[in-house]
Amino acid sequence: MNSQELLDLYAAGDRNFRDTDLFRAELSNANLSGANLFRANLFRANLLGVSLFNANLIGANLYCANLSGADLSGANLTRADLTGADLSGADLSGADLSGAILTHANLSYADLSRANLMRAELVDTALSHAKFQGANLKEANLTGALLQNVKFKQVIGLNAARIQELKEQGAIFEEVPSLTLNSKVTS
């Protein structure tokens, strides 16, 4: 299937593009919100600024895809291959990236707030200025990741030793202010 055929089918109301081969597809700035791209091949696709809000991309091949500035909020990218993908400035808030391969990907300035990165591979990934507020990083592999000015706040799954190690690599852990309860004593 070529890019235009996919866009025409989407415009006609079709959302199921399971196992579709979109090798080197040109889908810049397309709105594919809610599309089912389960195991789709988007190898080296140009998805610059695309909207894939709540899309199903389980097991999708997004190797070296350009997803810069894309809206992937709420998308299911479980076990997706994003090796070498450009996700700079992408909105991945609330996305499920559990088991995803993000090795050598660019996630600079990406919003990963509330994202599930459990068991994700982030080896040698560029993460500078990314936001991880409320993200689940349990068993995520951050070996060699570039963490300059990465903001972690209320993250899940990191122990004290791992937090210290990430701080030494340039990560910023924002503390949550503790609430002080004023209790009035009555006699």
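A residue counts as partly exposed when its relative accessible area lies between the limit for buried, under 20%, and the limit for exposed, over 50%. In this predicted model, Arg39 has a relative accessible area of 43% and is therefore partly exposed.

Arg39 takes part in a salt bridge with Asp19, in which the closest N and O atoms are 2.9 Å apart. This pair links distant parts of the chain, with the two positions 20 residues apart in numbering. Both Asp19 and Arg39 are located in the loop between helix 1 and strand 1 (131–133). Asp19 has a relative accessibility of 40%, so Asp19 is also classed as partly exposed. A salt bridge is likewise formed between Asp19 and Arg18, with 3.6 Å separating the closest N and O atoms. Because its relative accessibility is 44%, Arg18 falls in the partly exposed class.

Three salt bridges were found in a search of the whole structure. Besides the pairs Arg18 with Asp19 and Asp19 with Arg39, a salt bridge is formed by Glu165 and Arg162. The closest N and O atoms of Glu165 and Arg162 are 2.3 Å apart. Both residues belong to helix 2 (residues 160–168), where they are three residues apart, about one turn of the helix. Glu165 has a relative accessible area of 38% and so counts as partly exposed. Through shared partners, salt bridges join Arg18, Asp19 and Arg39 into one network. In general, side chains of opposite charge can pair when their charged atoms come close.

Helix 1 was examined next. This helix spans residues 3–11, and its buried residues are Ser3, Leu6 and Tyr10. Viewed down the axis of helix 1, the buried residues fall within an arc of 65°, and they therefore line one face of the helix. The N-terminal end of helix 1 is capped by Asn2. In this cap, a side-chain oxygen of Asn2 lies 3.0 Å from the backbone nitrogen of Gln4. Just after helix 1, a positive phi of about 105° is found at Gly13.

Note on methods: Residues numbered from 1 in each chain as written. Predicted model: local features only at pLDDT ≥ 70, side-chain atom pairs only at ≥ 80, totals over all residues. Heavy atoms only, no water. Buried < 20%, exposed > 50% of the residue type's maximum accessible area, 1.4 Å probe, protein only. Helix = DSSP H or I, 4+ residues; strand = E, 2+ residues; numbered from the N terminus. Arc of directions from axis to C-beta. Polar contact = N/O pair within 3.5 Å; in protein donor to acceptor, adjacent residues only side chain to side chain. Salt bridge = Lys/Arg side-chain N within 4 Å of Asp/Glu carboxyl O.
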